[in-house]
Amino acid sequence: MPDQKAEPKRPDPEALLREVATETRGHLKVFLGAAPGVGKTYEMLLSAAAQRRAGVDVVIGLIETHGRVETEALVHGFEIVRLRQLDYNGRHLREMDLDAVLARKPALVLVDELAHTNAPGSRHPKRYQDVEDLLAAGIDVYTAVNIQHLESLNDVVQQITRIKVRETVPDAFLDHADEIEVIDLTPADLIQRLKEGKVYVPGTAERALTHYFSAGNLTALRELALRRTAQRVDQQLLTHMQAHAISGPWSAGDRILVVVNEHPKAAALVRYARRMAERLRAPWTALYVETPRSLRLNEAARDRIAEALRMTERLGGEAVTMPGRELAGEILDYAAKNNFSHIVIGRSRRSRLHELIFGSITSEIVRRAGNVAVHVVTGDEKGAPAAKTVDTRPAAAPFDVRPYLITAAVVAVALGCGEVLARFLNVQNVALVFLTAVLVSAVAFGLSAALFASLLSVLAFNLFFLPPYFSITISDPENVVALFFFLVVALVASNLTASVRAQALVARQRARTTEDLYLFSRKLAGIASMDDLLWAISSQVASMLKVRVVLFLPENGSLELKTAWPPEDVAEEADLAAAKWSWESSRPAGRGADTMPGARRLFLPMRTGRGSVAVIGIDSDKQGPLLTPDERRLLDALSDQAALAIERINLSKDFDKAQRAAERDRLQAALLTSISHDLRTPLASILGAADGLAGLPDLTVDDRKALLSTIQEEAERLNRFIANLLDMTKLESGAVTPNMGLVDVSEVVGSTLRRAERILAGHRVETALDPGLPMVRIDPVLFEQVLFNLLDNAAKYAPAGTIISMEGRRAGNLVSLRILDEGPGIPQADLEHVFDKFYRVRKADSQRAGTGLGLAICRGFVEAMGGTIEAGNRADRPGAVFTITLPAQAEATA
Amino acid sequence: MNANAATILIVDDEPPILRLLRTSLVSQGFQVIEAMNGETALAEAGRSSPDLVILDLGLPDMDGLDVIRTLRSAGNAVPILVLSSRSDEKGKVEALDLGADDYVTKPFGTAELFARIRAALRHRLQQQGEPPVFRSGDLEVDLVRRIVRMRGEEVKLTPKEYDILRMLVAHAGKVLTHRMLMSEVWGGETDVQYLRIYVRQLRQKIETNPERPQYILTETGIGYRLKME
C-alpha cells in the first residue's frame, strides 16, 4: 500500500462539490462475493425486501436466480421490469431494459451480475455502464459482483484459479460505491453447497470447476474480497493512525524476506529490508541458510552473520536460521512456503568469469523467482562494516598429548590382536584390525589423532607383518601396493569419520546453546521486579559463561552499578569510566576491547530496538581474552534477551507511572467536582432557607419548620461530607494509625446505630449478631465510622420504609459483619468500582448520589485494621450487601 | 432552670460560636460571661466564680488543656464542658482525664448542649449529698444496700460489675473515660478490653437489647455514659 499523506486540514472544495453531486446521484450498494455460490443474489434480495417493507419503491431490473428455489421464492412480491428480448446470430438473448427502468424511475432497482457484457446492439457494451446511467438518474442501485471480476485483481485471480475471467469491472466503479457488503461464506460451507448442487457456474467444464472450488482457491479469493473491502476502511484508518502515530496493523499483502550471509554488507541488506518493510507496512524476516560451507567460515564471518541476525531482531524483524545445501532452491522454497512477496538479496561480488562458470545464486534466484519480487541490493551504504572490537580467546584448546598417547595404545592393542590373528589368517586381513584402530581414534579424538593412528598403523604393519620383518623396506611389490592402499583407506576413513564427529560436536554445541538460551529467556520471562530480574541476569550469565558479572543501569541521569555476581558493590574508577563509555557510545569497552583495554572488566552495551538499556561487565581470573568466539556470541544472545526483559519491566514501569498520573488527574478533577458540588449544594440550601426565614414576610409556622429543617439537614450533610474529606485526607497522607484493641463488635454496632439515628429515621433497622461473637482487634473509632458510612450508604440507596439489617457471624477464625439493604442493588459493572474514590453509582431518578468518598473510606479503614470489605448483591432479593471480614481473636478472660 | 440562674463562662475565640452560645444560653435564663482567650478565661474564672465553664480547646493564646490544668491545680472545681472537634478523640480523653467534666463535639445541636450542661450542673449540686437510690427508666440502683433492680426484679451482679455500675450511677449523664472507670474499679491501669468484657456482661444483665443499649451508652474511643432520664 502506498504511503498516505495526512489529510489536508481544510476541506477540499472538489470533495465538497462531489458531495453535492452525490446528493442527487443514486446510492450504490455492492454485494461483493468471493466466488459464485456464496449467496450474493439471495442477500441482495433480502436487503431489498427489507427496504420494500420500509415503504421504498423497489423494482427488479434483472435477477439471475439460476433456478435456486430459495432465491426464486424471494423474487416473488417484487415488481419486475420486463427484460428486453433480442436475437443475435440465431441465439435468443435477454438483457435488462435500461430505458424501461429509467422510464419507470423507481427509488431502488436491483441489478444482478454487474460484470455482465451486454449483447451487441445494447446502449452500453457493459452492464456496469447501465448502472452508471441509473445512478446518474438518481435511482439507487443494489448490485452483486464477484471479486474475480475486479479489473486490478484479474491477474491475481487467474493465477490462483487458472481460469481467465473476461468480464471485468473497473476498480473505480467499486471505489465509488457508497456501500460494499461482503457476502462471506467459509470455503468449507461453499464446497458443501457445491456438493448439494446449489452453486451454478455457467459454461465451465467439470474439471475446471473442481479445481476452481478447491479449499485453497476459495480461501485465497475470500481473502482478496475481504482485503479489497478492508482497503476502503484502511484509507480512513490510515489517516487516523498516522495522525495518532499508531503503528500497525500491517496490511496482509506484503511480506519481505532478506537473505543474509557472512558478507560484510549483510547489515546494509538488513537495514534496506527494514526500510522497505516500513514503507510497505509489511512484516519481514531475515534468513540465513547454513550450508556445509558455514562450518568452515572464520570467526569474523560467523560474527557478522550473528550480528546481522541480531540486528534483524532489534529492528523488529524475525531472524531465521535454516540448514540447507542448495542456496537458491532453499531460499525460494522458504519464500514460497511462507508467502513472501519480496526477496532482498545482495549483489554477487564474484567476478564475471566466476559467475559464468559456477553461476550466481543471485541471478539464479532472480531467474527462478516467479511472482516474487527480487530486490538485488548493492549494499553501498555508508558506514564501514563493524570491525571486530573485542579480542577473543582462540577456540581451540592448547595442545594436549593425552589423545596421542591413547591413540598409540589403541594401535598397540591392534598390533597385539594382529599378531594373534596373523597365525590363522592371511596377513592382508590384519590391515583391517589396524583400520579399526584408526576409526576408533577418529571417533574419539578427531582428525589429527586419526592421522597419527594411520601413520603408526602403517609403520607397525610394515614392521611387524610385511617381510622383511622389523625393517622399513618391503620385499614383495604386492605388499607395497597393499600398504599404499591401506594408507589411502586409512586417511579417507579418518577424514570422513572426523568430519562427522566435528559436525556432531557442532550440532550438540548448538543444541546446548539453544537450550541455554531457552532456559534463560524462560527464567527471565516470569520475573516482575527489576531487582529480581537483574539478579537473575547476572547470576545466569555468570554461571553459563563462568565469569563474574556486573550490571550497570542508568539512574537519575547517571550510570549506576545495580547488581553484581558474585555480589560486589564497588566499581573501580577505570571500570566505571569504561562502562560509561560503553553506554554512551553503544560499543564495547574495557578489557580486550579497543577502548580502555586497561579496565578490569569488559563492558558491552545491552541493546534493544529502542536503544541501550544497560551495560553488562564481565571478568574472570583467566589470563588473556575472556571469551571464545562461541562464548562471545552466546553472551551477545544472552544480553539481547536480558535487554528485552529489562525493557519490558521499564516499559511496564513507565506504563504504571502514566497510569498513576492519569489516575491522579482523574482524582483531582473528581475532587474539584466533588468539592464544588457537594459543598455548594448544601450551602445553597442553607443560605436560601436562612434568607427565606429572615426576609420572607407572612411565613406560616409549617413553612418556617420546613425551612429550619432544611437548614438542619443540609448542615448535617455538609458536616458529614467534610468529615469524609478529612478522613480521606488522613488516609491519603498515611495519618491513619489505628488504635487497635480488643473490641466487642456489638458494642460498636450499638454506638453507630445511636449516632446514625437521624439518618436511619426513615428505615427499619434490624440487628442479628451471634451471641457468641468473639471480640475482634480493631480501632473502635475507625470501625464506627466504617459502619456509619455503610449505614449512610444503605439509607441513601434503599427506599424509605425498607429494612436495613446488620448480621454478625463467626466462621472459623474470621468474624464477618454484613450490612444488607432492600434497595435496587449494585449494577454488576459497578461492583468492582464502588470502593474507588469519587466513584458514584448512577441513580435513575434525581435522588442524591453519594459523595463517592464514604465507601472509599470504608475500604481504607477496614484494610488499615487488617480486614477486608466486599460489595455484592443479595441472593434472596434485590438489594446490596456489604461484608466486612475481620480475623477473630481468642476470647480474653478477665 | 431559670430559678438556678447559673452563671456560665463561655471561652471561645470564634464570634459566631460565642453569639450562638450566648443567645441560646440567655434564652434559657443563664447568665453569661464571655472570654475570647485563655488568659481572660482564667481571670474571669477566678473573679466571677462561674457555675460552669464552656471551654473551646483551640484558643489563640494557650492550649485549652492548659486552662483546665491551671484551674484544677488551683483547686477550682468548677464544672468544665469542653467543645471539641469530632476527630479529636485523644484531645477529649486528655481533657476529661485532666478534670473536665464532659464534652460536646462541634458541630453540636442545642439539645445535646443543654443536656450536658444540666448533667454537669446537677452533678455539682448532688455533691452535697447523693440520694441513696438512683432511678432511670426501669433501672433502680440502691447505693446503700448495693441492690440493682430491673423492672422491680433484682439483678445479680458480680462485685466488679457492680463497681462499674456504681461509678456510672455516681456520674449519671456524664461521660466517664475508660481510664477513670478502670482506675476506680481495678485500682489502676488495666487493659481496656477487660472493661469492655465487663460492660458487655453488665449490659446483658440490665439492657433489654444489649446491641442497642438504653442505659449504658458507649462513647466510642472515649468511655461510657449512663443515660439520665
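Which residue forms a salt bridge with E555(A)? In this predicted model, the partner turns out to be K562(A), with the closest N and O atoms 2.5 Å apart. E555(A) sits at 33% relative accessibility and counts as partly exposed; K562(A), also at 33%, is partly exposed too.

That pair belongs to a longer list, since a search of the whole structure turns up 52 salt bridges over all chains. Another of them brings together the side chains of E181(A) and K29(A), at 3.1 Å from N to O. Here the link is between distant parts of the chain: E181(A) lies in strand β8 (residues 179-183) of chain A and K29(A) in strand β1 (residues 28-33), 152 residues apart. E181(A) is partly exposed, with a relative accessible area of 26%. K29(A), on the other hand, comes in at 8%, so it counts as buried.

Salt bridges also turn up between chains. R203(B) pairs with E747(A), the closest N and O atoms being 4.0 Å apart. This contact runs from helix α8 (residues 192-206) of chain B to helix α24 (residues 745-755) of chain A, and both R203(B) and E747(A) are buried. Back in chain A, a network of salt bridges ties together R548(A), D575(A), R600(A), R601(A), D619(A) and D621(A).

Then there is helix α20 (residues 530-545) of chain A. At 1.5 Å a residue, its 16 residues should span 22 Å, and the end C-alpha atoms are indeed 22 Å apart. Of those 16 residues, 12 are buried, so α20(A) is largely enclosed by the rest of the structure; among them are M530(A), L533(A), I537(A), V541(A) and L545(A). Right after α20(A) comes K546(A), with a positive phi near 55°.

Notes. Residues numbered from 1 in each chain as written. Chains lettered and ligands numbered in written order. Predicted model: local features only at pLDDT ≥ 70, side-chain atom pairs only at ≥ 80, totals over all residues. Heavy atoms only, no water. Helix = DSSP H or I, 4+ residues; strand = E, 2+ residues; numbered from the N terminus. Expected span 1.5 Å × (residues − 1). Buried < 20%, exposed > 50% of the residue type's maximum accessible area, 1.4 Å probe, protein only.
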